[in-house]
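Visitor: I am new to this. Please show me a structure and tell me how its terms are earned.

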Amino acid sequence: MCGIIGIIGKNQASELLIDGLRRLEYRGYDSTGIATVDDGILNRRRASGKIINLEKEILKKPISGTMGIGHTRWATHGVPSENNAHPHMTEKVAVVHNGIIENYRELADGLGLKPSDMESETDTEVIVHLLTQKLNDGKTPLQSVQEILPQLKGAFALCMIFSGHNNTMIGARVGSPLAIGVGDGETYFGSDALALAPYTQDICYLNDGDYVIATDDNIKIYDNSDKVVERPIVKTSLSGDSVGRGNYETFMEKEIHEQPTVIGDTLTSYIHPAKQTLTIPDLGVDFNKIEKITISACGTAYYAGLVAKYWIEKLTRIPVEIDVASEFRYREPPMFKNGVAIFVSQSGETMDTLEALRYCKKQNQKIISIVNVLESTIARESDAILQTQAGPEIGVASTKAFTTQLTVLLCLSLSIAKQIGKLDKKLEKEFVSALLELPSTISQVLAEADNIKAIAENVAKAKDVLFLGRGVNYPIAMEGALKLKEISYIHAEGYPAGEMKHGPIALIDDSVPIIASCPNDELFDKTAGNIQEAIARGGRVVFMSDSDGIAKMRKMTSTSFAEFCVPKINHLVAPILYSVPVQLLAYYCAFIKGTDIDQPRNLAKSVTVE
Ligand code: G6P
């Protein structure tokens, strides 16, 4: 959600902190701030809005010190404003915080604090007051942190610096992630390894409940029973270059265009291209004995899971239950003994998904996660991990993470079918070869991006847009609608085409564009029939299909409609390919409307709060 950076270095920290914050801005961007310790004294600069505002502030009032902390905020308690921006501080301590302190009111009452004693409306400020009280009582920074941590309820990552301590930083995590970067006589803190990539490749991930006291050349980690523990230092493959925009206008555009490459990379982990066989690692599950598979995720990752439900049920006949994680975890669904639960998450840190996973673990489910970040909490708490090779995804609206999730989920669905004897060698070859066609067919769609841009000129004027699909392509309609909403702020709904006559058809007139994802598959005639019903009522249809599908549709109606021709592809693989034109459509609508595509209002990339 929010981004945290901390540096204990040799050089002036402010520029490095700003650089780190820029890499974290995708996590939250409604206000920013930094604090340093210089000659034992705490200094702070903050600004509402984007990092550029903080840079201007620092230019006006420079801030020195070789040790400092920084924060980019996604508001939970308190509006986005300079007062609510982190770091929060007193003369004694400055704190940046990611997550939520649920019992902050009780804690403030316990300290006898009145609203007028508070500088901000945030939950974070109470931590500063708790620490200050301990420090005033003569406790050391470490003792103070040790005493207040058990009082905090909620999920949080914290990074703290103290007046009079030029070379001591303390971090803590419960729920929200925190990584420590180990440099050459320098130490870094970050809410993800991406922020630390330019400084060091040696990363130490704190376990849940850990806290750490660090100097420039030493880190000492404690677990939640105050025992000193060792956590491994791992090499991250991320480098400072992993997060550039290249020649693209936005990260989202770059990420859409990376899809042929990252899907190719992902496929190499799960299929043997020459032998045309599946090579999914052994997950330690005998699917012959599995009565039900449960899938849970949030946002775009949920739609990937929904496509997988169609795939798994069709290919394996094993029933699949799927729910958004925020519903799933509180619904407390009954689960079969020894079942399998699959979690899909780009970041591997989404709080609701993580809690749904923990619920399933308690129900003795085997946990398989499909994540992009191998070091993430979800990955670390899973029994088996299938990684997407999407690389860092910075644009808040997910694109390449989604199509690589789909790629992994299809490989998994096929592998389960193979294991239980429902996929013979011939079919395996057929599907593997269809998957291998994806990078080139997606490139063909991307080469036609200008056609989508032309269609977007019209769609961008609409107030409401309806996306339709059927069967395995119905979730693609929902994902198309989500993409459009997220970045262009146009209201959109994804609907199963067959349900249209039970409600949404009432909305149809020439002001509501209808985007139909309609591969030429066994449901084509049904979907095309539903589209005709919309055309007959004056609906402006954008019809996405292959050349045969478009030809058939032309024969079915004399009314003209906009069309986008998608390469022919195996029907099972189609949702992956048909994701790309709806991503492009959303992208160009937002581009035409001039919105902030990479950082849409109110959204954040990694939602580590409930
Ligand atoms: C946020 C992001 C979405 C993402 C969802 C789940 O809402 O804006 O793009 O799909 O979280 O994130 P995850 O990291 O779990 O895939």
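**Terms and their tests**

Visitor: Why is Leu 603 called partly exposed?

Guide: Leu 603 has a relative accessible area of 26%. Buried means under 20%, exposed means over 50%, and partly exposed is in between, with a 1.4 Å probe and protein chains only. So 26% makes Leu 603 partly exposed.

Visitor: What kind of model is this?

Guide: This is a predicted model, where local features need pLDDT of at least 70, side-chain atom pairs count only at pLDDT 80 or more, and totals for chains, interfaces and linings use all residues. Residues are numbered from 1 along each chain as its sequence is written, and side-chain values use heavy atoms, with hydrogens and water left out.

Visitor: Where does Leu 603 lie, and which residues is it in contact with, leaving aside neighbours within four places in sequence?

Guide: Leu 603 lies in the segment after H20. Helices are DSSP runs of H or I with at least four residues; strands are runs of E with at least two; both are numbered from the N terminus. With those neighbours left aside, Leu 603 is in contact with Tyr 29, Trp 74, Val 396 and Glu 486. Contact means heavy atoms within 4.5 Å. Leu 603 and Tyr 29 are 574 residues apart in sequence, yet their C-alpha atoms are 9.0 Å apart in space.

Visitor: What makes a set of residues a nonpolar core?

Guide: The members are buried Ala, Val, Leu, Ile, Met, Phe, Trp, Tyr and Cys residues, joined through side-chain atoms within 4.5 Å. The largest core here has 98 residues. Phe 287 and Trp 311 are among those with the most contacts inside it. Helix H20 (residues 574–593) gives the largest share, 13 residues. At least three residues come from each of domain 2 (264–431) and domain 3 (437–610). Those bounds come from an automatic or database domain assignment.

Visitor: How do you know that Thr 350 makes a polar contact with the ligand?

Guide: An N or O atom in the side chain of Thr 350 is 2.5 Å from an oxygen atom of the ligand. A polar contact is a pair of N or O atoms within 3.5 Å; within protein, one must be able to donate a hydrogen and the other to accept it, and residues adjacent in sequence count only if both atoms are side-chain atoms. So the Thr 350 pair qualifies. For the side chain of Ser 347, the distance to a ligand oxygen is 2.6 Å.

Visitor: How much of the ligand does the protein cover?

Guide: The protein covers 90% of the 380 Å² of accessible area that the ligand has on its own. Such areas come from the Shrake-Rupley method with a 1.4 Å probe; for residues, only the protein chains shown count as cover.
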